[in-house]
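Here is my note on the model you sent round. Please read it with the structure open beside you.

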Amino acid sequence: MSEPIDEKRWAFKTADSVLHTGSESMVDPEDLVMLSGREPTPARIERARKDLEEHGAAAVERYLP
């Protein structure tokens, strides 16, 4: 297993480093939009929130390219 990331050692965060995979915590709507490669806007975040409510964790698979 890999060691947890020590954020104190990182000089900056990239979008990839702040995304959640769902294995360590629930995916939030902003993560769902970002993993699709799109810019999070209020409309996209709202749609992702509804998708998460309707499909749960399976919504992630709908957003992956």
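**Notes on the predicted model**

1. Start with Asp51. Asp51 is found in helix H3, which spans residues 42–55. The model is a predicted one, and the points below should be read that way. Asp51 has a relative accessibility of 10%. The cut-off for buried is under 20%, so Asp51 counts as buried.

2. What does Asp51 touch, leaving out residues up to four places away in sequence? The answer is Gly56, Ala59, Arg62 and Tyr63. Two of these names come back below: Ala59 and Tyr63 are among the residues of the largest nonpolar core, and Gly56 lies in the loop between H3 and H4.

3. Now the overall layout. The protein has four helices and zero strands. Along the sequence the pattern reads α-α-α-α. The protein has 65 residues, and 17% of them count as buried. Its exposed surface comes to about 5500 Å². Carbon and sulfur atoms supply 54% of that surface.

4. A word on contacts across the sequence. Take the contacts between residues at least 6 apart in sequence. Of these, 24% join residues at least 24 apart. Points 8 and 9 give residue pairs that are separated along the chain.

5. How many salt bridges does a search of the whole structure find? It finds two. One joins the side chains of Glu46 and Arg49, at 2.3 Å from N to O. The other joins the side chains of Arg49 and Glu53, at 2.4 Å from N to O. Together, Glu46, Arg49 and Glu53 are linked in a network of salt bridges.

6. The spacing of these residues is worth checking on the helix. Glu46 and Arg49 are three residues apart in helix H3, so about one helical turn separates them. Arg49 and Glu53 also both lie in helix H3. They are four residues apart, again about one turn of the helix. As for exposure, Glu46 is partly exposed, with a relative accessible area of 30%. Arg49 is partly exposed too, with a relative accessible area of 30%. Glu53 has a relative accessible area of 59%. The cut-off for exposed is over 50%, so Glu53 counts as exposed.

7. Next, the largest nonpolar core. It has nine residues in all: Val27, Leu32, Val33, Leu35, Ala48, Leu52, Ala59, Val60 and Tyr63. Which elements give two or more residues to this core? They are helix H2 (29–35), H3 and helix H4 (59–63). In soluble globular proteins, nonpolar side chains tend to be buried together.

8. Val60 deserves a closer look within that core. Val60 lies in helix H4. Its relative accessibility is 17%, and it therefore counts as buried. Leaving aside neighbours within four places in sequence, Val60 is in contact with Val27, Leu32 and Leu35. These three contacts are also listed among the core residues. For a backbone check, use Val60 and Asp31, which are 29 residues apart along the chain. Their C-alpha atoms are separated by 9.2 Å.

9. Where does Gly56 lie? Gly56 sits in the loop between H3 and H4. It is partly exposed, with a relative accessible area of 24%. Gly56 and Met26 are 30 residues apart along the chain. Their C-alpha atoms are separated by 9.3 Å. Recall that Gly56 is one of the residues that Asp51 touches.

10. Last, the second largest pocket. About 160 Å³ of space lies in it. Its lining consists of Val33, Ser36, Arg38, Arg44, Arg47, Asp51, Arg62 and Tyr63. H3 and H4 each supply at least two residues of this lining. Which helix gives the most to it? H3 does, with three residues.

11. That pocket leads back to the opening point. Asp51 is one of its lining residues, and Asp51 also counts as buried at 10% relative accessibility. Arg62 and Tyr63 are in the lining as well, and both are among the residues that Asp51 touches. Val33 and Tyr63 appear in the lining and in the largest nonpolar core.

Methods: Residues numbered from 1 in each chain as written. Predicted model: local features only at pLDDT ≥ 70, side-chain atom pairs only at ≥ 80, totals over all residues. Heavy atoms only, no water. Buried < 20%, exposed > 50% of the residue type's maximum accessible area, 1.4 Å probe, protein only. Contact = heavy atoms within 4.5 Å. Areas by Shrake-Rupley, 256 points an atom, 1.4 Å probe, with all protein chains shown as cover. Salt bridge = Lys/Arg side-chain N within 4 Å of Asp/Glu carboxyl O. Core = buried A, V, L, I, M, F, W, Y, C linked by side-chain atoms within 4.5 Å. 1 Å grid on protein atoms, 1.4 Å probe; cavity = no way out; pocket = protein on both sides within 12 Å on 5 of 7 lines; lining within 4 Å. Points joined across faces, edges and corners; volume = space filled by probe spheres on them.
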